[in-house]
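Biologist: I am new to this structure. Please take me closely through one part of it, the place where the helices pack together. What should I look at there?

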Amino acid sequence: MTGRSPSPPSRDRVRPDVAVVGAGPIGLAIAWRCATRGLRVVVHDPAPGSGASAVAAGMLSPVAEAYFGERELTGLLLASAARWPAFAAELTETTGVEIGYRTEGTLMVGLTGDDLAEARRLWAYQQGLGLPVTPLRPSELRDREPALAPRVRGGALAPTDHQVDPRLLVPALRAAAQRAGAVLVPQPVRHLSDVDAGVTVVAAGCGAAALTGLPVRPVKGQILRLRAPDGFAPGFRHVIRGYADGEHVYLVPRADGEVVLGATVEERSDTTVTAGAVQRLLRAGVDLLPELAEYDLVEAVAGLRPGTPDNAPILGPLPDRPDVLAATGHHRHGIVLTPITADLIADLLLGGVPDPLLAPFCADRFGGAAVAASGGPEPTKEGDRWS
């Protein structure tokens with residue numbers, strides 16, 4: 001990074017200013033933002049959108065995802081969620097593609113007394129941060145969502161927690177990036193030394209570990225997709241995040257009748273769908289919304305979230321490698337953090353000065369230098385394929 005304005009693209013110049021490794025939402029959004037600011041951008045990915053985003057539910061939940069001990073991450077989530085309305089509007093205007101952005105809000109519910117007690121501890125913490133969490137009695141919950149089970153003991157509303165459909169988002173971002181001039185190269189990157197660009201941005205999800213040596217690990221999540229019968233819309237409008245006999249699940253309704261039900265959190269690197277996980281998810285989902293028992297089960301799939309030791313993303317230059325930037329490790333939050341990650345990385349590339357928001361998420365916070373590009377091991381498992 002030099003901090004200088006990029007040179008105007010010319011037909012004689014073939015070396016890109018920026019190479020982005022990974023064409024999931026993060027990588028494509030970075031490419032879009034950089035290309036619209038005049039940088040020459042290439043994006044390397046053999047299968048755009050085939051990683052974690054292909055499985056993700058698309059919840060934009062900075063409030064419901066505000067957990068104990070993650071205050072700095074919560075701040076980043078809130079800042080990015082605040083950018084989503086304008087980001088969604090700009091993306092739709094640019095491409096003409098609807099991305100399933102919905103603003104009905106999120107209901108957080110507890111099925112049993114024990115579930116509600118656990119949930120209330122978290123809601124109290126969230127309220128202590130000044131977040132918009134409104135407790136609701138069972139009758140108030142069912143006024144908002146009559147399909148909720150009569151057994152549900154109580155809940156709360158997070159009105160600013162929204163949703164988007166990642167399977168619509170990725171094609172829209174790809175179209176926007178390409179219209180702005182970014183070039184997609186459908187080939188994998190095995191070593192960063194193979195990339196010829198002024199700056200390389202690694203937005204490779206779980207594959208970032210092999211490329212950079214950063215402590216990014218796969219965290220398996222199994223997820224189900226259901227569909228309301230006869231082509232109708234689901235019988236509920238809000239995203240539902242529930243505790244059901246100790247099982248934590250979410251249910252995300254789509255306008256086309258789909259319901260996303262998830263998700264497990266497993267410290268594993270395979271993408272096998274297991275009968276036990278399907279059983280647990282369905283049981284909890286039906287306990288909260290009994291009508292789901294009549295829905296079609298159309299997909300059961302597993303993906304790999306890019307996790308880090310502190311559950312927060314890694315954003316910014318690698319130690320001793322100012323020409324390589326990381327934009328990875330978003331774990332459960334890749335979709336909600338897409339706008340702010342793209343803006344922060346693009347601003348850094350153009351201005352050369354890191355935004356203070358980046359400081360808690362720097363690449364060297366784990367105490368060890370990242371491995372330079374050519375020194376990292378090559379991916380060996382199917383689960384290491386980046387998105």
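Modeller: Start with one pair: H1 and H2 are roughly perpendicular to each other, because angles from 65 to 115 degrees count as such. Their packing angle is about 75 degrees. The axes lie 14 Å apart. Helix H1 covers residues 25-36, and helix H2 covers residues 71-95. Bear in mind that this is a predicted model.

Which residues touch? H1 brings Ala29, Trp32 and Arg33. H2 answers with Phe87, Glu90, Leu91 and Thr94. Sorted by class, this contact has four nonpolar residues, one polar and two charged.

Now bring in H5, residues 166-179. The axes of H2 and H5 come within 9 Å, crossing at roughly 65 degrees. That crossing makes H2 roughly perpendicular to H5. Its hand is left-handed. On the H2 side, the contact uses Trp84, Phe87, Leu91, Thr94 and Thr95. Phe87, Leu91 and Thr94 of H2 also meet H1. On the H5 side are Leu169, Ala172, Leu173, Ala175, Ala176 and Arg179. The contact of H2 with H5 has eight nonpolar residues, two polar and one charged.

H1 and H5 complete the picture. Their axes come within 8 Å and cross at roughly 25 degrees. Angles under 35 degrees count as roughly parallel, so H1 is roughly parallel to H5. H1 passes H5 in a left-handed crossing. From H1, the contact takes Pro25, Leu28, Ala29, Ala31, Trp32 and Ala35. Ala29 and Trp32 of H1 also meet H2. From H5 come Leu169, Val170, Leu173, Arg174, Ala176 and Ala177. Leu169, Leu173 and Ala176 of H5 take part in the contact with H2 as well. By class, the contact of H1 with H5 has 11 nonpolar residues, no polar and one charged.

Next, follow H5 to an empty space. The structure holds one cavity of 30 Å³ or more. The volume of the largest cavity is about 40 Å³. Its lining consists of Leu28, Val43, Arg174, Ala177, Gln178, Ala182, Val183 and Leu184. H5 gives the largest share, three residues. H5 and strand S8 (183-185) are the elements that give two or more residues. Six lining residues are nonpolar, one is polar and one is charged. Leu28, Arg174 and Ala177 belong to this lining, and these residues also appear in the contact of H1 with H5.

Methods
Residues are numbered from 1 along each chain as its sequence is written. This is a predicted model: local features need pLDDT of at least 70, side-chain atom pairs count only at pLDDT 80 or more; totals for chains, interfaces and linings use all residues. Side-chain values use heavy atoms; hydrogens and water are left out. Axes are lines fitted to C-alpha atoms, for helices over the stretch in contact, and angles run from 0 to 180 degrees between N-to-C directions. Helices (H or I, at least four residues) and strands (E, at least two) are DSSP runs, numbered from the N terminus. Angles under 35 degrees count as roughly parallel, over 145 as roughly antiparallel, 65 to 115 as roughly perpendicular and the rest as oblique. A crossing is left-handed if the near helix is turned anticlockwise from the far one by less than a right angle, and right-handed if clockwise. Contact means heavy atoms within 4.5 Å. Ala, Val, Leu, Ile, Met, Phe, Trp, Tyr, Cys and Pro count as nonpolar, Asp, Glu, Lys and Arg as charged, and the others, Gly among them, as polar. On a 1 Å grid over the protein atoms alone, a cavity is a set of points where a 1.4 Å probe fits but cannot get out, and a pocket is an open set with protein on both sides within 12 Å along at least five of seven lines; lining residues have an atom within 4 Å of a point. Grid points are joined across faces, edges and corners, and a volume is the space filled by probe spheres set on the points.
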